[in-house]
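Trainee: Got a minute? I'd like to go through this structure with you and ask a few basic things.

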Amino acid sequence: MLWTVCILCMTILGLMFMLKKFNQPYLIAYIIAGVLLGPYVLKLFNKPEEIETIGEIGILLLMFFIGVEINIPNKKSLIIKPLLAQGMKILLSFIFAYFVGELLHLNLESVLLIAILFMFNSTAVVVEFLKKHGTLHTAFGIIILNILLLQDLLLAPVLTVLKFWNSKDFSIWNMMLPIAICLGIFLIFRKIRHLKEIKLSSTFLENDHELQVFSGLLICLGFGLIAETVGMSAALGSFIAGVLVGKIQAFRWLEHSLLPFKVFFVALFFVSIGLRLDINYLLSNYKLITIGTLIVLISNSIMSALFFRMLNFKWQDSFYGGALLSQTGEFGILAISIAYKTGMVEYDLYKAGLGITCLSLLLSTIWISCGTFFRFRKKNCI
């Protein structure tokens, strides 16, 4: 085990030094390391699901940190615009999935899954680039982040539908409970957005690093567990915890205490994505996977760019936003896995969807770099 972890760290470090020269995000290194060390190449890791389970903690920590850093907007435009954008995206996703289904003669379940894949983007990838380009706290960045958070809210009813699609246990209550909780969360955010700070004393934690670490992990993972128990996304629960903690002055130390955990577990999550990429299937169906990935990147970019342009953003900002929201995200992988386990889709579509999702995550970083170059080049010209 120690030998395996050392090789993983060495591989990631080598790839990170290489990517640093090309000014690319490190998450590419994590995915490539997973591909190289996975069961289809060097076979160092033969059970991707084990690392994936550990890596999901990284997504919870990532969403927690986003919640700590973000300020809930007071302006209605920063809330209404994401609602309009995501609403249009859902509509166009179903229309596009319908035409793909007609072209490939797919059944209703497959069409539904394709539409779901187009609905979700990668919060981890997009936030990484927003931070890198210094646009996370701008009006443009807040709108994009709010779109991603709306997607996280949608994940609860979507996963409920997938879990109970072929089940006799489905009831209206299974669907209504997550929706009601989502509305409750919205009302809570609306209530606390005007609060600058919540005063709470925690002198017993101020000088005790061990207590700080385990208290922080309990808050982050505990909220995630509660959210998952009631049928929602655990990542959304961690985000709520982050928003609340960000308002409490006594927990300002939390960000520094949990940062190393976030880096490590997020890395493991993206390594698990690389481990899932079946190279043999990819090579034998490279035309389908390549065309599917390009369709996802291009169609998502065009749809998202049109949304931003309709919201009165400049063309260069719209193309940049379209590039940011071009990929299928980590929740797409979760949706594919659940759809396959419940018998909604066949093995071939599961493997194809998994390959397209992984490649879209990998190639979207290059696609975003192109959109970034176009945006800043245009601004410099102006």
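Mentor: Sure. First, a word we'll need: a helix here is a DSSP run (H or I) of at least four residues, and helices are numbered from the N terminus. Also keep in mind that this is a predicted model.

Trainee: OK, so where does Leu277 lie?

Mentor: Leu277 sits in the loop between helix 11 (254-276) and helix 12.

Trainee: And is Leu277 buried or exposed?

Mentor: Leu277 has a relative accessible area of 7%, so it counts as buried. Its C-alpha is separated by 5.9 Å from that of Gly355, although the two residues are 78 apart along the chain.

Trainee: Which residues line the largest cavity?

Mentor: Leu277 and Gly355 are both in that lining, together with Arg276, Asp278, Tyr281, Leu282, Ile289, Lys351, Leu354 and Cys358.

Trainee: Which helix gives the most to that lining?

Mentor: Helix 16 does, with four residues. Helix 12 (279-284) and helix 16 (347-381) each supply at least two.

Trainee: How much space lies in the largest cavity?

Mentor: About 50 Å³. The structure holds one cavity of 30 Å³ or more.

Trainee: How do people even find empty space like that?

Mentor: They roll a probe the size of a water molecule over the atoms, and that shows where empty space is left.

Trainee: Switching topic: how many aromatic pairs are there?

Mentor: The count comes to 13 aromatic pairs. One of them is Phe140 with Phe308, a tilted pair with 5.3 Å centre to centre and 45° between the planes.

Trainee: What does the pair of Phe140 and Phe308 tie together?

Mentor: Phe140 belongs to helix 7 (residues 139-164) and Phe308 to helix 13 (residues 286-310), so the pair ties together parts that are 168 residues apart in sequence.

Trainee: Are those two rings' residues buried or exposed?

Mentor: Phe140 is buried, at 6% relative accessible area, and Phe308 is buried too, at 1%.

Trainee: Which residues form one aromatic cluster with Phe140?

Mentor: Phe308, Phe313 and Tyr320 join Phe140 in one cluster.

Trainee: Why is the pair of Phe264 and Phe265 called edge-to-face?

Mentor: Because their planes are at 75°, with the ring centres 5.4 Å apart, and planes over 60 degrees apart count as edge-to-face. Phe264 is partly exposed at 46% relative accessibility, while Phe265 is buried at 15%.

Trainee: What lies over the face of Phe65?

Mentor: That's Lys262, at 5.4 Å from the ring centre.

Trainee: Let's do helices. How many residues has helix 1?

Mentor: Helix 1 (residues 2-21) has 20 residues. From its first C-alpha to its last it reaches 29 Å, close to the 28 Å expected at 1.5 Å a residue.

Trainee: Which residues are buried in helix 1?

Mentor: The buried ones are Thr4, Ile7, Leu8, Thr11, Ile12, Leu15, Met16 and Leu19. They cover an arc of only 165° around the axis, which puts them on the same side of helix 1.

Trainee: Is there a reason for that kind of spacing in the numbers?

Mentor: An α-helix has 3.6 residues a turn, so residues three or four places apart point the same way.

Trainee: What does the face turned away from the buried side of helix 1 carry?

Mentor: That face carries the exposed residues Leu2, Trp3, Met10, Phe17, Lys20 and Lys21.

Trainee: And what about Val5, buried or partly exposed?

Mentor: Val5 is in helix 1 as well, and at 35% relative accessibility it counts as partly exposed. The C-alpha atoms of Val5 and Leu44 are separated by 9.8 Å.

Trainee: Which residue follows helix 1?

Mentor: Helix 1 is followed by Asn23, which has a positive phi, near 60°.

Trainee: Last one: which residues of helix 9 are buried?

Mentor: Gln212, Val213, Gly216, Leu217, Ile219, Cys220, Gly224 and Ala227. Their arc around the axis is only 150°, which puts them on the same side of helix 9. On the other side, Glu210, Phe214, Leu218, Leu225, Ile226 and Thr229 are exposed.

Trainee: How far does helix 9 reach?

Mentor: Helix 9 (residues 209-229) has 21 residues and reaches 30 Å from first C-alpha to last, close to the expected 30 Å.

Notes:
Residues are numbered from 1 along each chain as its sequence is written. This is a predicted model: local features need pLDDT of at least 70, side-chain atom pairs count only at pLDDT 80 or more; totals for chains, interfaces and linings use all residues. Side-chain values use heavy atoms; hydrogens and water are left out. Rings of Phe, Tyr and Trp (its six-membered ring) pair if their centres lie within 6.5 Å; planes under 30 degrees apart count as stacked, over 60 as edge-to-face and the rest as tilted. Buried means under 20% relative accessible area, exposed over 50%, partly exposed in between (1.4 Å probe, protein chains only). A charge sits over a ring if NZ of Lys or CZ of Arg is within 6 Å of the ring centre and within 35 degrees of the ring normal. The expected span of a helix is 1.5 Å times one less than its number of residues. The arc is that of the directions from the helix axis to the C-beta atoms. On a 1 Å grid over the protein atoms alone, a cavity is a set of points where a 1.4 Å probe fits but cannot get out, and a pocket is an open set with protein on both sides within 12 Å along at least five of seven lines; lining residues have an atom within 4 Å of a point. Grid points are joined across faces, edges and corners, and a volume is the space filled by probe spheres set on the points.
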